[in-house]
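These notes follow the chain from its core outwards to its surface. Please read them beside the sequence and the model.

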Amino acid sequence: MANTYDFGLVGLGVMGRNFILNVADNGFTAFGNDLDKEKVNALIEEGGDTDKVNADVDASNFVSALSKPRKIMLLVPAGKVVDIVIESLLPHLDEGDIIIDGGNSFFTDTDRREAFLKEKGINFFGAGVSGGAKGARKGPSIMPGGSRDAYQYVKPIFEAVAAKYNGEPCVTYLGPKSAGNYVKMVHNGIEYGLMQLTSEIYDLLKKAGGLTNEEQHKTFAEWNSGRLQSFLVEITSEILTQKDDLTDGDLVDMILDKAKQKGTGKWTSQNAMDLGIPVPTIDIAVSMREISALKDERIKADEIYDRPSPESVVKDTLTSKAEKALYFAFIMAYAQGMHQLADASKEYGYELDLGEIAKIWRAGCIIRAALLADITDAFKAQPDLPNLLLSPSFTEKVKETVAATRELVAYGATNGIPLPGLSNALTYFDAYTSSRLPLNMIQAQRDYFGSHTYERLDREGIFHTEWEK
């Protein structure tokens, strides 16, 4: 058995088992490892042919079964578990072997691990994997970053197992160090934003238009056949048809309105603040999950305060405006995420190609959408494009949809329907496209109480005024 398997994978949960079977389906032999004997046996049974797929609970047996340089992927929970697994593998590894962290590790942890392993002659990759369990089995989007030379050993396997868009694999080498984990983090931040926006439109159609779940299913399905074609719009349509096994109603109506999170959206928001990049659509999506957790308080507050009864609207008019508003807000979410990636690339030395990133997101991943083909083209045409809103190819898309967005945001505010993602997307657009903002007043205030100085419009230099004299 020694030195016969092309690829190794530690962590045989649903994601890991599906990913390793995907590897085997695409012509490579794969060997798994997990401390849970039942998971090891389950993989061997599902894999069928042990010459193609095998597994063991013992780390030494696992490593010795792999061809050199060994290519070992970890699909384990982020945090200390990753370090524990690395420590368990190290005594069995040789110089030049490759460890790939496929989990949602925080990018600074990846930098630390890469530096630690580099001293021992081991190559380390952070490779974000998006697409969920089904994507892992049938083709995910993969975002690897690390040593360019070491990636060449992994490239044939990753390109084989990745999702395909018009025949092109949704994976590419992104950059050095933690580039892969950073891109996956921002991917997840954008995902937070898109999910929040989609949920708000669902809520608006229900409360303002009175659309039934079946009517909403048809509406989202129709949108998914047009410019809003995307994984999240598609599954929203499907969710609305699911009946509840425990009652006579629809399942979506029985699900508690408390959304959980694993932290990647929060990391995106926090790091954007560190970089000084505005991502308000992502920020509010994180905040709304936190507000949703306050269920008991929300119930009490709802009893205290009056809420307007929504004004009646024509369903067809509402759905037409909602389609435009959702498209507009999707553009803003992607624009903010890509802006963050551009700035992070400079700050951390990632050398990211935004066109390539948009390209590998076109299939396989959770934020895949028809819009990403246009985003790919925009960054290919202008690699140094600072923001999608400055791309000629997006100007008309935004102009054609912003008016409907304004109307729905105003409607929501007047009628007590919270649309924080949509309104923040609109505010971001209005602020970004304003040549003059009221921040001159803030600078005056800062100088007044703290002598923080200010700059002027009419001449160069730094100025301070004795305001109180």
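1. In this predicted model, the largest nonpolar core (buried Ala, Val, Leu, Ile, Met, Phe, Trp, Tyr and Cys residues joined through side-chain atoms within 4.5 Å; buried means under 20% relative accessible area with a 1.4 Å probe, protein chains only) has 83 residues, and those with the most contacts inside it are Y334, L341, W361 and I375. Helix 14, residues 315–348, gives the most to this core, with 17 residues, and at least three residues come from each of domain 1 (7–173) and domain 2 (184–433).

2. Residues are numbered from 1 along each chain as its sequence is written. Since the model is predicted, local features need pLDDT of at least 70 and side-chain atom pairs pLDDT 80 or more, while totals for chains, interfaces and linings use all residues, and side-chain values use heavy atoms, without hydrogens and water.

3. The chain is divided into domain 1 (7–173), domain 2 (184–433) and domain 3 (439–468), with bounds from an automatic or database domain assignment. The C-alpha centres of domain 1 and domain 3 lie 55 Å apart.

4. An unreviewed UniProt entry lists residues 180–468 as "domain: 6-phosphogluconate dehydrogenase C-terminal", an annotation that may be inferred rather than shown by experiment. Over residues 180–468 the chain is 64% helix and 0% strand, where helices (H or I, at least four residues) and strands (E, at least two) are DSSP runs numbered from the N terminus.

5. L439 lies in helix 19, residues 439–450, and counts as partly exposed because its relative accessibility is 42%, between the 20% and 50% limits for buried and exposed.
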